[in-house]
Amino acid sequence: MKITAGKKEKKSPGIRRQVVLSFGGFILIILALLWVFQIALLGPFYRLIKINEVKGVAQTLENNLESETLEETASRLVNATNTAIVVSDELGRLYVAKKASEKYVRLEGLTPYDLRNIFDGVNLQGGTKMETYRSQVETWFGGTEEGILYARTVRTKSGLNRLILLESELTPVDSTLETLRVQLSCLTVVMVLLGGVLAFFLSRRIARPIAAVNESAKSLAKGQYEIRFEGSGCREVAELADTLNYAAEELSKVEGLRRELLANVSHDLRTPLTMIKGYSEVMRDLPGENTPENVQIIIDETERLTNLVNDLLDLSRLEAGVVPLDRTRFNLTESIRAILTRYDKLAGYHFPFQAGEAVWVCADELRISQVVYNLVNNAVTYAGADKTVSLCQTVENEKVRISVTDTGEGIPADKLKDIWERYYKVDKEHKRAQVGTGLGLSIVKNILDLHGGSYGVESELGKGSTFWFELKLAEETTALPDPQEAAH
Ligand code: ADP
């Protein structure tokens, strides 16, 4: 047998490697996202927020230009947003001048002339102007900080012209970025280490039981049916192990049956063949032995062989489902009577048949007679000292039940279920030579299953057995005359 699982080519990575790779990939993606959002995008985000903040400050000031609390509002805004504020009129007269930090000093020392110029310039540009610049002050971690200058000209409700000038920082404060960078670096190291350890244990936990099941499955494929699968870890693996254990048991049973069949069939074939060969040789070599009795033995043994081969063929065809049923409407009672007449020659045996009215069924007559033959043959084989096999026909609920009863040795209760199995014999040792192959009841079961009929057995050890089957009555049972009776 070729075991493809063991082939070298086209081998995909093991489950353990896949778990580690997936887990590692997942951690890397998380880290990459963290770095991108926390470091790379922090600057642009901060910038956007800051610009909006400065615009908000300008708007608040604009709303309060004519208010008496302008000075207070400006002070509050300076503290809250760290923005330097200058408010003047179109002639350069100062109303508010607030300093925010030592770093941003562009608004300091502006003369009325400068303010007038700025006012005119901003007015010409539509009323607002924004400018960013690099401050000359170096940050402690290198590079220069960026500042923003914002100007807005406003005409108040009472017709006064005002210039609002704001200056603020644009770069994230001092060490924020660097702190984040250091934090993220630590986090990265911790996550990579933790991820590695987790991936190692996780993959071991997942992969180990699967690998064990895989190894056992390879042994099973090599024909070691007694192998047992251990499924630990997760539910799916436990279920897989259970299923495989069940499959292994079934395979083992089938294998047992196969061996038994081979032994049975070869034994059952060999016995008659040996007899035929032996008797033929004796008859050839010793002319006096050429007697009708010896010829009869050869004929009997040939018949036994034929029966065995027929049974085997029948059963395999029935089980393969390739036997089409040739259903006709026939008189079952009469059919059984006809079968029983064939047993008349069986010396010493009695076959009382207790039947009421003749019943008609719609079934495959040949197959149903096969059922009756098998049951009667078994009853004859296992009949008790009284050599009586009684048959009984009863009708109930549109069904006819045929029972075949013997007063023989009976069947142990624990074997009752098994006798319908192929090749099953209750007493494997003793009767093999003289009785059937263990196929008869299996054929009965298959035929009745095909007909949708029911069947069963009641048996008591030492007292005998009753095998029965039931078939549905054909419609209008009594309306149609029996063609055989009509012919007489
Ligand atoms: P076989 O060809 O061996 O009779 P069957 O399938 O017909 O095979 O029967 C299976 C087994 O059931 C028999 O080997 C026998 O042990 C048991 N059995 C069948 N019919 C009877 C019976 N009437 N009395 C006792 N045992 C029976």
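This short talk walks through a helix pair, some aromatic contacts and one residue of the structure shown above. Please keep in mind throughout that what we are looking at is a predicted model.

Let me begin with two helices, α1, which covers residues 15-40, and α5, which covers residues 176-221; they pack against each other with their axes 8 Å apart and at an angle of about 165°. Angles over 145 degrees count as roughly antiparallel, and α1 and α5 are therefore described as roughly antiparallel to each other. As for the handedness of the crossing of α1 and α5, it is right-handed. If we then ask what kinds of residues make up the contact of α1 with α5, they divide into 23 nonpolar, 5 polar and 3 charged.

I turn now to the aromatic rings, where a search of the whole structure finds 6 aromatic pairs. One of them is formed by F200 and F201, whose ring centres lie 5.3 Å apart and whose planes stand at 80°, so that this pair is edge-to-face. Are these two residues buried or exposed? F200, at 40% relative accessibility, counts as partly exposed, and F201, with a relative accessible area of 47%, is partly exposed as well.

Another aromatic pair is that of W420 and F467, which is also edge-to-face, with 5.9 Å from centre to centre and 65° between the planes. Here W420 lies in the loop between β10 (399-406) and α10 (440-451), while F467 belongs to strand β12 (residues 464-472), so the pair ties together parts that are 47 residues apart in sequence. Both partners are buried: W420 has a relative accessible area of 10%, and F467 has one of 8%.

There is also a cluster to point out, in which ring pairs link Y343, Y349, F351 and Y373.

Rings have charged partners here too, and I would mention two arginines in that connection. R162 lies over the face of Y95, at 4.1 Å from the ring centre, and R401 is placed over the face of W468, at 3.8 Å from the ring centre.

Finally, let me come to A80, a residue of helix α3, which spans residues 70-81. With a relative accessible area of 63%, A80 is exposed, since exposed means over 50%. How far apart are the C-alpha atoms of A80 and V57? They are separated by 9.9 Å, and the two residues are 23 residues apart along the chain.

How values were computed. Residues numbered from 1 in each chain as written. Predicted model: local features only at pLDDT ≥ 70, side-chain atom pairs only at ≥ 80, totals over all residues. Heavy atoms only, no water. Axes fitted to C-alpha atoms, helices over the stretch in contact; angles between N-to-C directions. Helix = DSSP H or I, 4+ residues; strand = E, 2+ residues; numbered from the N terminus. Parallel < 35°, antiparallel > 145°, perpendicular 65-115°, else oblique. Left-handed = near helix turned anticlockwise from the far one by under 90°. Nonpolar A, V, L, I, M, F, W, Y, C, P; charged D, E, K, R; others polar. Phe/Tyr/Trp six-rings, centres within 6.5 Å; stacked < 30°, edge-to-face > 60°. Buried < 20%, exposed > 50% of the residue type's maximum accessible area, 1.4 Å probe, protein only. Lys NZ or Arg CZ within 6 Å of the ring centre and 35° of its normal.
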